[in-house]
Amino acid sequence: MKVIKFGGSSLASGEQLKKVFNIVISDSERKIVVVSAPGKRNSDDIKVTDLLIATAERQLRNEKNEELIEEVIARYASIAEELSIPADIITTIREDLLALVHADQSDEKRYIDALKASGEDNNAKLVAAFFQSQGVEAEYVCPKQAGLIVTDEEGYTSVLPESYERLSALRDRKGIVVFPGFFGYTEDGDVLTFSRSGSDITGSILAAAVKADFYENFTDVDAVYSVNPNVVSNPKEIREITYREMRELSYAGFTVLHDEALIPAFRAGIPVNIRNTNNPTAPGTLIVNKRNNTNGPVIGIASDKGFCSIYISKYLMNREVGFGRKMLSILEEYGVAYEHTPSGIDDVTLILRQDQMNAETEEKIVQRLTEELHADEVIVEHNLALIMVVGEGMRHNVGTTARAAKALADAKVNIEMINQGSSEVSMMFAVKGESEDKAVHALYHEFF
Ligand SMILES: Nc1ncnc2c1ncn2[C@@H]1O[C@H](COP(=O)(O)OP(=O)(O)O)[C@@H](O)[C@H]1O
Ligand SMILES: N[C@@H](CC(=O)OP(=O)(O)O)C(=O)O
């Protein structure tokens, strides 16, 4: 049995849905279909999820949002019309959406999440209706009814372990299951969404729950490329990659797969196949536990901007018991997570996503770090990009760091920081945000 997920780009129009249908029915193992909300039809288009977020935010500010609501409905209606799906599905979608817009707004996060999730929920209903109209046995399955229960943590949602057992019953359903991605229900019955692009996570959860043979993730590229194709044109395709490598690369900027989507499939030992809806005969990229290393030291180079660093120095920091705890507890009080902590004898640097702090919280954090830790220096540097060079082969190849550092030096990119060690399969370089693309090009041309 295969679980097959289609991203928003694969579901953006009636024409795309026809491709989806043909892909699903071409293989009788494709039994569970996870769908995103309709995505962009072209680069200037707006994803349904973004329209829904804007609708919710305007409602919360008591601003007019009727046009946005109609735009959302029109996206589904144009697909239904293009595919001659009976129009009553659009009436259902309209009623559902209006009920959500006018629902209780006392908990803003839950209100926004419920509206956001309706993008995939209503799309799953539409896709199921389309399959049925083609004479195929297919049913929409509600995540609540199926038992996709999620945690309710501060700013974070993940699947509860007991969900797997309940979801395993999906295996016994007759016909094709069409399941909305991106959200689950709390134990209290409220909708919570995963982070953006989280339908990938739903697909992986279901694949693990039903012990699928494969998790196929259909998107709009022929493969995972060794570097973001929006940065380097015609990059090398990756045929096979390990879970560990892909996890590092998707964390660091390979948006083709959500970085949390690998864990459920990895734990259950299910291979993940990234494929192209627009070119379904292409083999795509297979994500597996072990691969033959035919790639040399590096398999991929990913990058992401929007980071800052907080450099803290204090003479004899290494001798001070509890320094790290005190430092991190100050961040914790402001709800700020850190990504990396490269350190020396008398200094440590915290690397964080910059959008977690505004100018005011930053000032307070710096002041508290300085005063409470009696630091000699606390310096914040903004607008950094992190570049991750990844490959299982690094462990067996001497000199990879030197090659990377030389390539950056030759391209006149100053390395602000290097972090290598904890992970055996990656090294991280921090550079100034404006040097990001230059650095990625230089590293790509060094290793490929
Ligand atoms: N290394 C990479 N390989 C392939 N695609 C990548 C990579 N890095 C970023 N991408 C981007 O990921 C996109 C696919 O992800 P996404 O837009 O979320 O698709 P979907 O709508 O199918 O969920 C590609 O179109 C591409 O622009
Ligand atoms: N629709 C949601 C979830 C998702 O997974 O979408 P996509 O498959 O288009 O990345 C989002 O835009 O975040």
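This passage walks through two ligand sites, a buried strand and helix, and a few backbone details in a predicted model.

A good place to begin is ligand 2. Its surroundings are formed by Lys5, Gly7, Gly8, Ser36, Lys47, Thr49, Glu120, Phe182, Arg196, Ser197, Gly198 and Ser199. By residue type, this shell comprises one nonpolar, seven polar and four charged residues. Several polar contacts can be picked out. The side chain of Arg196 places an N or O atom 2.7 Å from an oxygen atom of ligand 2, and a backbone N or O atom of Ser199 is found 3.0 Å from an oxygen atom of the ligand. On the side of Glu120, an N or O atom of the side chain is 3.2 Å from a nitrogen atom of ligand 2. The ligand on its own would expose 340 Å², and the protein buries 92% of that area.

Two residues of this shell also appear in the sequence record. An unreviewed UniProt entry applies the annotation "binding site" to Thr49 and Glu120. The two span 72 residues in sequence, yet their C-alpha atoms are no more than 8.4 Å apart, so they gather at one spot. Thr49 belongs to helix H2, which covers residues 48-60. With a relative accessible area of 6%, Thr49 is buried, because the cut-off for that label is under 20%.

Attention now turns to ligand 1. Around it are 18 residues, of which Ser9, Thr219, Asp220, Tyr225 and Asn230 come nearest. The make-up of this shell is nine nonpolar, seven polar and two charged residues. Here too, polar contacts help the reader to find the way. A polar side-chain atom of Asp220 sits 2.7 Å from an oxygen atom of ligand 1, while a polar backbone atom of Tyr225 is 3.0 Å from a nitrogen atom of the ligand. In the side chain of Lys5, an N or O atom is 3.5 Å from an oxygen atom of ligand 1. Taken alone, this ligand exposes 570 Å², of which the protein buries 85%. Strand S7 (214-219) and strand S8 (224-225) are the elements that each give two or more residues to the shell.

The UniProt record has something to add at this point as well. In the unreviewed entry, the feature "binding site" is placed at Lys5, Phe6, Gly7, Gly8, Thr219, Asp220 and Tyr225. Among these, Lys5 deserves a second look: besides its contact with ligand 1, Lys5 is listed among the residues around ligand 2. Lys5 is part of strand S1, residues 2-6, and its relative accessibility of 6% makes it buried.

From the ligands, the description moves to strand S4. This strand runs over residues 176-180, and five of its five residues are buried. Ile176, Val178 and Pro180 point one way from the strand, and Val177 and Phe179 point the other way. Two partners can be traced. Strand S2, residues 30-35, runs parallel to S4 and is joined to it by four bridges. Strand S3, residues 138-140, also pairs with S4 in the parallel sense, over three bridges. Val177 is a handy landmark for both pairings, with Ile32 opposite it and Glu139 opposite it as well.

Helix H8 is another covered element. It spans residues 199-209, and 11 of its 11 residues are buried, so the helix is largely enclosed by the rest of the structure. Those buried residues include Ser199, Asp200 and Ile201. Ser199 links this helix to the account of ligand 2, as it is one of the residues around that ligand. Just after H8, Lys211 takes a positive phi of about 55°.

Some further backbone angles invite a closer look. Most residues other than glycine have a negative phi. Ser84, which is not a glycine, has a positive phi near 50°. It is located in the loop between helix H3 (66-82) and helix H4 (88-101), and with a relative accessible area of 61% Ser84 is exposed. His374 likewise takes a positive phi, of about 50°, without being a glycine. The loop that holds His374 lies between helix H12 (359-373) and strand S16 (377-390). At 57% relative accessibility, His374 is exposed.

How values were computed
Residues are numbered from 1 along each chain as its sequence is written. Chains are lettered from A and ligands numbered from 1 in the order in which they are written. This is a predicted model: local features need pLDDT of at least 70, side-chain atom pairs count only at pLDDT 80 or more; totals for chains, interfaces and linings use all residues. Side-chain values use heavy atoms; hydrogens and water are left out. A residue is near a molecule or strand if one of its heavy atoms lies within 4 Å of it. A polar contact is a pair of N or O atoms within 3.5 Å; within protein, one must be able to donate a hydrogen and the other to accept it, and residues adjacent in sequence count only if both atoms are side-chain atoms. Accessible areas come from the Shrake-Rupley method with a 1.4 Å probe; for residues, only the protein chains shown count as cover. Ala, Val, Leu, Ile, Met, Phe, Trp, Tyr, Cys and Pro count as nonpolar, Asp, Glu, Lys and Arg as charged, and the others, Gly among them, as polar. Buried means under 20% relative accessible area, exposed over 50%, partly exposed in between (1.4 Å probe, protein chains only). Two strands pair if DSSP finds at least two bridges between them. UniProt positions are given in the numbering used here, feature names are shortened, and annotations may be inferred rather than shown by experiment.
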